[in-house]
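Q: Please take a close look at a single part of the structure shown below, and describe its surroundings in detail. I would also like to see how that part relates to the chain as a whole.

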Amino acid sequence: MFMADMDGVRRYVEMLQATSRAVTTANFYLRNVAQFLGYFKETKPSLCRLSQAQIVAVERCILTALRDLRKRVTLHQVEVKRVKMARVVTVSNLQRCHHGAKAKISSLLDELEEDGEASRYHIYGYFAAFVSSLYGHRPGVITNMLLKEVALAKTEGSPEEGYIINVSEHKTAKVFGAAQLYLQKDEFAWLECWVFMRPKIKPKAHNDLVFFTAGKGPMKNLNGYFQQAWAEMGLPGKPTFTDVKTTVSAHGKNLHSAEERAEMAKYMCHDEATADKFYALSLNAKQSAEMRRRFEATLQSGKDESHEDEGNEGKQARVPQSPKSSLLVRGRGTL
């Protein structure tokens with residue numbers, strides 16, 4: 001069988017590494033193969049002609065390839081993080097985006113009566129800018145929001161306490177469950193106003209999405225509407241939702257305690273272990289200076305200990321020895 005062809009297995013591994021695929025993609029393929037081999041080894045079919053030794057040999061070959069890729073995978077992750085951090089939005093621009101979007105949405109809703117089709121996409125972009133700049137949510141939290149989820153938030157919330165919209169369908173729903181979006185009284189009023197005027201724009205039948213498109217499915221170009229709103233607010237650059245999410249995570253890491261950060265990561269439906277893997281490897285200049293100070297403190301403590309040791313050795317050298325102990329030291333006596 002082909003699995004017994006060790007040269008073929010090695011050529012497959014070399015082919016994965018030689019192509020233009022990212023090293024993380026090759027690592028993903030090899031991990032899938034390793035998982036299959038582990039399962040195959042434990043539940044070998046009765047008609048399989050491979051010996052257990054042959055299966056183990058192939059498995060070891062794949063695991064060796066995975067170990068060889070570890071360094072390249074780590075370096076690739078660091079490089080990806082460096083590129084992402086180069087696009088990180090400053091906190092001041094994030095604040096300008098948040099306050100600018102909040103100020104603009106009400107006037108856009110007023111314009112909706114005159115030109116619903118044009119203003120609709122403006123509302124999408126500015127609402128996305130408002131939400132992402134505050135919570136760092138992925139676009140799916142907005143594009144997959146349903147009318148019934150807004151209605152349920154209306155029933156369970158109150159003007160005094162605010163409203164929580166639980167969006168069931170989003171990228172990491174299998175891990176985190178529904179994504180939560182908390183809105184205050186005036187912010188939730190935007191959605192109520194939009195839902196009230198929504199039928200006038202005549203969405204497709206059976207389309208229950210709050211932010212609908214010309215078709216039946218969720219919109220695909222929310223990032224473009226967000227970037228258009230970002231530019232109209234006079235903000236520099238052309239960030240994506242990922243850039244904003246990175247900014248919220250990175251600045252939150254430096255500002256909040258570990259417990260608070262863990263809660264915020266869960267609220268963002270963001271895996272904190274993944275955040276640590278990609279965000280903890282990159283320090284800014286101030287953090288690096290603090291890290292150097294710690295290393296220098298370690299060296300200084302070692303220097304102080306060496307002086308103490310030298311002094312202790314001098315004191316020990318001046319301690320008089322008995323004749324018996326002197327003979328033992330020179331190897332001329334016995335106990």
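**A buried serine and its setting**

A: Ser 132 counts as buried, because its relative accessibility is 1%, and buried means under 20%. This value, like those that follow, is computed from a predicted model. The residue belongs to helix α5, which spans residues 116-135. Within the model, a polar atom of the Ser 132 side chain lies 2.8 Å from the backbone oxygen of Ala 128. When residues up to four places away in sequence are set aside, Ser 132 touches His 137, Phe 226, Phe 241, Val 244 and Val 248.

The next residue in the sequence, Ser 133, is also found in helix α5. Ser 133 is classed as buried because its relative accessible area is 9%. Its side chain reaches the backbone oxygen of Ala 129 at 2.7 Å. With residues up to four places away again left out, Ser 133 touches Leu 94, Cys 97, His 98, Val 244 and Val 248. Val 244 and Val 248 are therefore touched by both Ser 132 and Ser 133. Of the other partners, Cys 97 is itself buried, since its relative accessible area is 1%. Another cysteine, Cys 48, has a relative accessible area of 15% and so is buried too. A search of the whole structure finds zero disulfides.

Helix α5 also has a place in the nonpolar interior. The largest nonpolar core has 48 residues, and those with the most contacts inside it are Phe 127, Met 145, Ile 165, Leu 191, Trp 194 and Phe 211. The largest share of this core, nine residues, comes from α5. A second, separate core has 15 residues, among them Val 23, Leu 30, Ala 34 and Leu 69.

Met 145 shows which segments meet in the largest core. Apart from its neighbours within four places in sequence, Met 145 is in contact with Val 150, Ile 165, Val 167, Leu 181, Leu 191, Asp 208, Leu 209, Val 210 and Phe 211. One of these partners, Val 150, is buried in helix α7 (residues 147-156), as are Glu 149 and Ala 153. These three residues lie on the same side of α7, because they cover an arc of only 100 degrees around the axis. The face of α7 turned away from that buried side carries the exposed residues Lys 148 and Thr 155. The cover over the buried residues of α7 includes β1 (163-167) and α9 (185-197).

Helix α6 (residues 140-143) contains Val 141. At 3% relative accessibility, Val 141 counts as buried. Its C-alpha atom is separated by 8.4 Å from that of Ser 168, although the two residues are 27 apart along the chain.

The chain as a whole gives the wider context. Its secondary structure comes to 15 helices and two strands. Of its 335 residues, 35% are buried. Among contacts with a separation of 6 or more, 61% are between residues 24 or more positions apart. The protein chain exposes about 20,600 Å², and carbon and sulfur atoms supply 55% of that area.

Definitions and conventions:
Residues are numbered from 1 along each chain as its sequence is written. This is a predicted model: local features need pLDDT of at least 70, side-chain atom pairs count only at pLDDT 80 or more; totals for chains, interfaces and linings use all residues. Side-chain values use heavy atoms; hydrogens and water are left out. Helices (H or I, at least four residues) and strands (E, at least two) are DSSP runs, numbered from the N terminus. Buried means under 20% relative accessible area, exposed over 50%, partly exposed in between (1.4 Å probe, protein chains only). A polar contact is a pair of N or O atoms within 3.5 Å; within protein, one must be able to donate a hydrogen and the other to accept it, and residues adjacent in sequence count only if both atoms are side-chain atoms. Contact means heavy atoms within 4.5 Å. Accessible areas come from the Shrake-Rupley method with a 1.4 Å probe; for residues, only the protein chains shown count as cover. A nonpolar core is a set of buried Ala, Val, Leu, Ile, Met, Phe, Trp, Tyr and Cys residues joined through side-chain atoms within 4.5 Å. A disulfide is a pair of cysteine sulfur atoms within 2.5 Å. The arc is that of the directions from the helix axis to the C-beta atoms.
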